[in-house]
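Here's a relaxed walk through a structure you haven't met before. Have a look at it first, and then we'll go through the bound molecules one by one.

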Amino acid sequence: MLDGIILLASTTCLFALAAHFDFAERLEDFIQDHESWQLDEIFLLAGFLSLATLIFAFRRIQDQRVEIRLRNEAESAARNLALLDPLTGLPNRRHLGEVLDNAMLQGPADGRCHAVLLIDLNGFKRVNDGFGHPAGDELLVSLSKRLSGLFKEGTFLARLGGDEFALIAFDLSGLDAATAVVRKVAMAFEEPFFAAGSEHIIGASIGIALAPQDGTLGADLLRRADIALYRSKESGGSSSCFFEESMDDLVLQRITMERDLRHAIVSGDVLSHYQPIVNLKTQQIVGFEALARWTHPTKGNMPPDRFIPIAEDTALIRDLTESLLRRACRDALEWPDHIVLSVNLSAVLLRDRTMGLRVLAILAETGLNPARLAIEITESSLVSDLELAQVVLSRLRDAGVQIALDDFGTGYSSIYHLRNFRFDKIKIDRSYVDALGGEDPENDAIVRAMLGLGQGLGLTIIAEGVENAEQRDCLIRKGCEQGQGFLFGKALSAKDVATLLADADPLRKIASL
Ligand code: C2E
Ligand code: CA
Ligand code: CA
C-alpha cells in the first residue's frame with residue numbers, strides 16, 4: 001500500500017516539475033535543434049519504457065499485497081491450530097493457560113471468584129480398549145458437544161489431552177455458585193453416551209480450585225485443581241472435590257512422582273537391566289532377569305520397589321510392562337538361543353484378561369521364541385483372582401512361555417497353587433538364602449523341604465540373593481540347580497550384557513563391568 005502511494009506521489013511530482021519548468025516546450029525546441037539525432041523516436045521509446053516500468057511496479061505491489069494477505073491467513077491458521085484440539089475443536093491446554101493467565105491478571109470482580117474445574121473421565125479407557133480408538137474419539141467428540149452446550153456464557157471449556165477436560169467459570173458469586181457449576185457438569189454424565197453403535201456409561205472425577213482464595217496465578221490454580229482431582233479420584237467412583245490447604249505435601253509429592261513416571265515411561269527413560277541366572281554346578285549363565293531401572297532427573301536412582309507400586313496404583317503398569325517387555329525381547333534376540341529372559345508380571349496385570357494375548361503379541365512382533373521367555377509372578381497375585389490368573393497364564397503356557405513362582409516362601413506357599421498352576425520354576429526368596437548355614441537350623445530344613453517339593457514336582461529351582469560362595473556350595477549340596485545373586489553379578493545394562501556374552505568366561509568378565 002505504502003509502496004503504491006510513494007510510486008503515485010513521485011510520478012505526480014515528476015509531472016508537476018515537468019509542467020513547472022515547461023519541460024514539453026523545451027524538449028520540442030531541443031528536438032528541432034537536433035533533428036538529425038532522431039530524438040523524437042528515442043524519447044518515445046523512453047516514454048514507453050517508463051510506462052511499462054510503472055505498470056510492472058503496480059503489478060508487483062498488487063502481488064505483494066496478495067502474498068501478505070495469504071501469509072497473514074496462514075499465520076492465523078497456524079496460531080489457531082496451536083491453540084485448538086484437532087479432534088474436538090475445543091481450545092487446548094495452551095489456550096486454556098493463556099486465557100486463565102489473562103483472567104488472573106485482572107482477577108475476578110470484587111467479592112466474586114473464578115472456578116477452575118479439572119474433569120477426568122472414568123470408564124473411557126474401557127471404551128477405547130474394548131471398542132477401538134475411533135469409538136473413543138466419537139465419544140470424546142460427543143462429550144465435548146454436551147459440555148459445550150451446558151453454559152451459555154461466562155465459561156471457557158478446553159480439552160487438555162486424552163480424557164482430561166477443564167472448565168473455567170468466571171466471576172461467580174461464591175462457593176454456592178461454584179458448587180452449582182460442578183453439579184451441572186456432573187449431571188452431564190448421567191445420560192449414557194453413544195459411540196460405535198452402543199451406549200456407554202462414563203463417569204467423571206472433578207477437582208476444583210477457586211481464585212483468589214486458592215491462588216492468584218493461573219499455574220497455581222491448575223496445580224491445586226489437579227491436587228483436588230487426585231483426591232477425588234482416590235475416593236473412587238465419580239465424585240468432585242474442592243481444593244483444601246490440608247491437601248498436604250505428601251499428595252503433592254506423589255502427584256509429582258506419578259507425573260514424572262508417566263513422562264519417563266513415554267520417553268523411554270525407564271529401562272531394563274539384566275541380572276544373570278546361573279547354573280550353580282556348571283557356572284554357566286542360563287538366563288537373565290529383567291529388572292526395571294529409572295534414573296529420576298533430580299532424585300537420581302529410583303528403586304523399583306518405589307516406582308512399581310505407583311505404576312500399579314495408576315494403571316501405568318501396563319504401559320511400563322509392555323514397553324519394558326518389548327525392549328527386553330529385542331535385547332534377548334541378541335543373546336545365544338539357550339539363554340532365557342525372565343520378566344516380572346505384576347499382580348495387577350494378572351487381573352487383566354487380555355494380558356496373555358498382549359504378551360504373545362509382543363513376542364510375535366519382536367520374533368522372540370516364546371520358549372525363551374519366563375514370566376515371574378508372586379503367589380499374592382494368584383490369590384486376588386485365581387480364575388482370571390488361570391486365563392492369562394494358561395494362554396501363555398499353551399504358547400510355550402515358562403511360568404516361574406517368584407519370592408517362594410514369603411507368601412502363602414500353598415501346595416494348592418503349586419499343583420494347580422503347573423509352574424515351570426520356583427524362585428526361593430532371598431531371605432531363606434541369606435540365612436543359610438547360619439544359627440537357624442530350621443531355615444536350612446525349610447530350604448531342603450522347598451527343594452524336595454520342587455524336585456518332586458519336576459520344577460526347576462532358582463535360589464535368589466546368592467551373595468557368597470558358602471551359600472552357593474550349600475545350595476549345590478542340597479540339590480539346588482540354579483542361582484541368582486550378587487555373587488554372580490548385579491543387573492547390567494543391555495550393552496554390558498552384550499560385552500559379557502562375547503567373552504569366553506562371562507562370570508569372570510562380569511566383575512570388571
Ligand atoms: P524381585 O523380582 O525379587 O527381584 C530381585 C531383586 O533382588 C532385585 O531388586 C535384585 O536387584 C535384588 N537382588 C538380586 N541379587 C541380590 C543379592 O544377592 N542380594 C540382595 N540383597 N539383593 C539382590 P530390585 O531390582 O530392586 O527389584 C526389586 C523388586 O522390584 C523385584 O523383586 C520385583 O518385585 C520388582 N520389579 C523390578 N523390576 C520390575 C518390573 O519390570 N516389573 C515388575 N512388575 N516388578 C519389577
Ligand atoms: Ca523377580
Ligand atoms: Ca524375587
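## Ligand 1 and its contacts

Let's start with F486: one of its polar backbone atoms sits 2.8 Å from an oxygen atom of ligand 1. Keep in mind that what you're looking at is a predicted model. The protein covers 82% of the 800 Å² of accessible area that ligand 1 has on its own.

Two side chains join in as well. R293 has a side-chain N or O atom 2.9 Å from an oxygen atom of ligand 1, while E467 places a polar side-chain atom 2.5 Å from a nitrogen atom of the ligand.

## Who surrounds ligand 1?

Which residues come nearest to ligand 1? Out of 20 around it, they are Q275, R293, R430, E467 and F486. As for the spot itself, ligand 1 takes up the space of the second largest pocket.

Several elements pitch in to build the shell. Strand 9 (285-296), helix 10 (304-313) and strand 13 supply at least two residues each. Strand 9 gives the largest share, with four residues.

## The calcium ion called ligand 2

Now for the metals. Four residues coordinate the calcium ion (ligand 2): E289 through OE, N344 through OD1, E376 through OE and D406 through OD, at 2.1 to 2.3 Å. Along the sequence, these donor residues follow the pattern E-x54-N-x31-E-x29-D.

Take E376 and D406 from that set: E376 is in strand 12 (residues 373-377) and D406 is in strand 13 (residues 402-408), so the pair, 30 residues apart, links distant parts of the chain. Both E376 and D406 are buried.

## The calcium ion called ligand 3

What coordinates the calcium ion (ligand 3)? Here the donors are D406 (OD), D407 (OD) and E464, which appears twice with OE, at 2.2 to 2.5 Å. Written along the chain, the spacing reads D-D-x56-E.

D406 has turned up at both ions, and indeed this residue bridges ligand 3 and ligand 2, the two calcium ions lying 3.9 Å apart.

## Neighbours with different cover

Are D406 and D407 buried or partly exposed? D406 has a relative accessible area of 8%, so it counts as buried, because the cut-off for buried is under 20%. D407 comes out at 26%, so D407 is partly exposed. Back at the metals, then, the calcium ion (ligand 3) takes donors from the buried D406 and from the partly exposed D407, with E464 also on its donor list.

Methods:
Residues numbered from 1 in each chain as written. Chains lettered and ligands numbered in written order. Predicted model: local features only at pLDDT ≥ 70, side-chain atom pairs only at ≥ 80, totals over all residues. Heavy atoms only, no water. Donors = N, O, S within 2.8 Å, 3.2 Å for Na, K, Ca; no water. Buried < 20%, exposed > 50% of the residue type's maximum accessible area, 1.4 Å probe, protein only. Near = heavy atom within 4 Å. Polar contact = N/O pair within 3.5 Å; in protein donor to acceptor, adjacent residues only side chain to side chain. Areas by Shrake-Rupley, 256 points an atom, 1.4 Å probe, with all protein chains shown as cover. 1 Å grid on protein atoms, 1.4 Å probe; cavity = no way out; pocket = protein on both sides within 12 Å on 5 of 7 lines; lining within 4 Å. Sits in = over half its atoms within 2 Å of the grid points.
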